[in-house]
Amino acid sequence: MRHWVTIYIWEFVRGTGLIIVYKWVFIAVFLKYLKAVVRAAASSGGPRPPYTTLAVSQPQQFVTHVELHRPEKLNAMSRAFWREMVELFSELAGNPDCRVVVFSGAGKMFTAGIDLMDMASDVLQPVGEDTARISWNLRKKIAEYQETFSVIERCPKPVVVAVHGACIGGGVDLITACDIRLCTQDAWFQVKVSRCRRGGFMGGASRNARGRRCLVNELALTARKMFADEAASSGLVSRVFADKEAMMAGAMELAGEIAGRSPVGVQGTKVNLLYSRDHSVAEGLDYMASWNMSMLQTEDLMKSAQAALEKKSPKTVAFSKL
């Protein structure tokens, strides 16, 4: 009798233990699934207030994903877009929870460029009582549009742009303000300045002309398409992917690598790269020396050195927010 009681107690305990194990396994799987659903909703649910043209999410720690989200309009750039870009990137510039930005487009292409129908009243019908006042107001409006992309460049957080399908007109101006450019094999780029019978005013030619003036002149004057292979060989993009899914995976991996490094080092590097681009070698070296005399006095330097000695990945180091 005692033997059967012992067996019964053992089977009961073992069964209860299995139930508890199964319960926790189920909870873990369910939480993982729930997190994936929430993340997917955040990345593909479209714009949320206060934005109407931009979908903003955080797919991983310290990485912000900004998606131009007007797929029904081929992501054409409306007046709301120009305003929201300035608001968003001004906020991201000082957000310590953002260390790198990934920018992409929703739908079947990156962007069709400027939404001329939406912006016609601003550009084609500027207000003013006479030529001087009309010109003054138009110049002010153009400066506002230029600020939309200049704010990307001034943002100390590196911006990785991922282009699929067509990137037309203002889209080329946008990507040239970004730090790292990726594209899919089916991507193509077109500057429509001469075809639209207007001079470019968004700043893409100014940013791209250095070192590639001959090619920039050709693209601006002919308005021909540049395809992915030529974009890679000319340095407009650094990598070409088979499709959008592979490109976004690559962009997120790259962003994760950057986000895992010292924010002091990463943001300081971007600031100095931009300064050196616009100044002489001597001026760039002097600016870098002045910058580093304070920025080298950071705990991040010792943490990075310790990780290197221990052959650890920078991602394992807990850098303070900046």
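A residue counts as buried when its relative accessible area is under 20%, as exposed when that area is over 50%, and as partly exposed in between. With that scale in hand, welcome to a quick tour of this predicted model. The protein chain has 322 residues, of which 39% count as buried, and its secondary structure comes to 12 helices and nine strands. Two places get special attention below: the surroundings of Arg-181 in strand 6, and a handful of the 15 salt bridges in the model.

**Confidence and overall layout**

- The mean pLDDT of the protein chain is 84, and 80% of its residues reach 70 or more.
- Residues 18-23 deserve some care, as their pLDDT stays under 50. In the model this stretch has zero contacts beyond four places in sequence.
- Residues 33-43 also have pLDDT below 50, but here the model does show seven contacts beyond near neighbours in sequence.
- Among contacts in the protein chain with a separation of 6 or more, 69% are between residues 24 or more positions apart.

**Strand 6 and its partners**

- Strand 6 covers residues 180-184 and is mostly covered, with four of its five residues buried.
- On one side of the pairing list is strand 4 (residues 159-163), which runs parallel to strand 6 and is joined to it by four bridges. Within this pair, Val-160 stands opposite Ile-180.
- Strand 9 (residues 239-241) is also parallel to strand 6, and three bridges join the two. Here Thr-184 of strand 6 stands opposite Phe-241.
- As background, side chains in a regular strand alternate between the two faces of the sheet.

**Arg-181, a buried charge**

- What is the nearest side chain of opposite charge to Arg-181, and how far away is it? It is Asp-179, at 7.6 Å.
- A salt bridge here requires a side-chain nitrogen of Lys or Arg within 4 Å of a carboxyl oxygen of Asp or Glu. Arg-181 is buried and has no salt bridge.
- Which backbone oxygen does the Arg-181 side chain reach at 3.2 Å? That oxygen belongs to Ile-175.
- The Arg-181 side chain also reaches the backbone oxygen of Cys-178, at 3.3 Å.
- Leaving aside neighbours within four places in sequence, the residues in contact with Arg-181 include Val-161, Ile-175, Thr-176 and Arg-212. The run from Gly-235 through Leu-236, Val-237 and Ser-238 to Arg-239 is in contact with Arg-181 as well.

**Salt bridges**

- As a general point, side chains of opposite charge can pair when their charged atoms come close.
- Lys-321 and Asp-97 form a salt bridge with their closest N and O atoms 2.5 Å apart. Lys-321 lies in the segment after helix 12 (299-309) and Asp-97 in the loop between helix 2 (79-93) and strand 3 (100-105), so this pair ties together parts that are 224 residues apart in sequence.
- Lys-321 counts as exposed because its relative accessibility is 51%, whereas Asp-97, at 32%, is partly exposed.
- Glu-218 and Arg-224 meet in a salt bridge with an N to O distance of 2.6 Å. Glu-218 is partly exposed at 35% relative accessibility, and Arg-224 is partly exposed at 25%.
- Glu-299 and Lys-303 meet in a salt bridge at 3.5 Å, N to O. Both residues lie in helix 12, four residues apart, which is about one turn of the helix.
- Glu-299 has a relative accessible area of 45% and Lys-303 one of 27%, so Lys-303 counts as partly exposed.
- Elsewhere, Glu-153, Arg-277 and Asp-278 are joined into one network by salt bridges that share partners.

**Backbone features in loops**

- The peptide bond from Pro-49 to Pro-50 is cis, with omega near 10°. Pro-50 sits in the loop between helix 1 (2-44) and strand 1 (54-60).
- Asn-75 has a positive phi, near 60°, although it is a residue other than glycine. Its place is in the loop between strand 2 (63-68) and helix 2. Is Asn-75 buried or exposed? Asn-75 is buried, because its relative accessible area is 0%.
- Ala-223 is another residue other than glycine with positive phi, near 60°. Ala-223 belongs to the loop between helix 7 (213-222) and strand 8 (225-227), and with a relative accessible area of 1% Ala-223 is buried.

Methods
Residues numbered from 1 in each chain as written. Heavy atoms only, no water. Buried < 20%, exposed > 50% of the residue type's maximum accessible area, 1.4 Å probe, protein only. Lys, Arg positive; Asp, Glu negative; His and termini not counted. Polar contact = N/O pair within 3.5 Å; in protein donor to acceptor, adjacent residues only side chain to side chain. Contact = heavy atoms within 4.5 Å. Pairing = 2+ DSSP bridges. pLDDT = per-residue confidence, 0-100.
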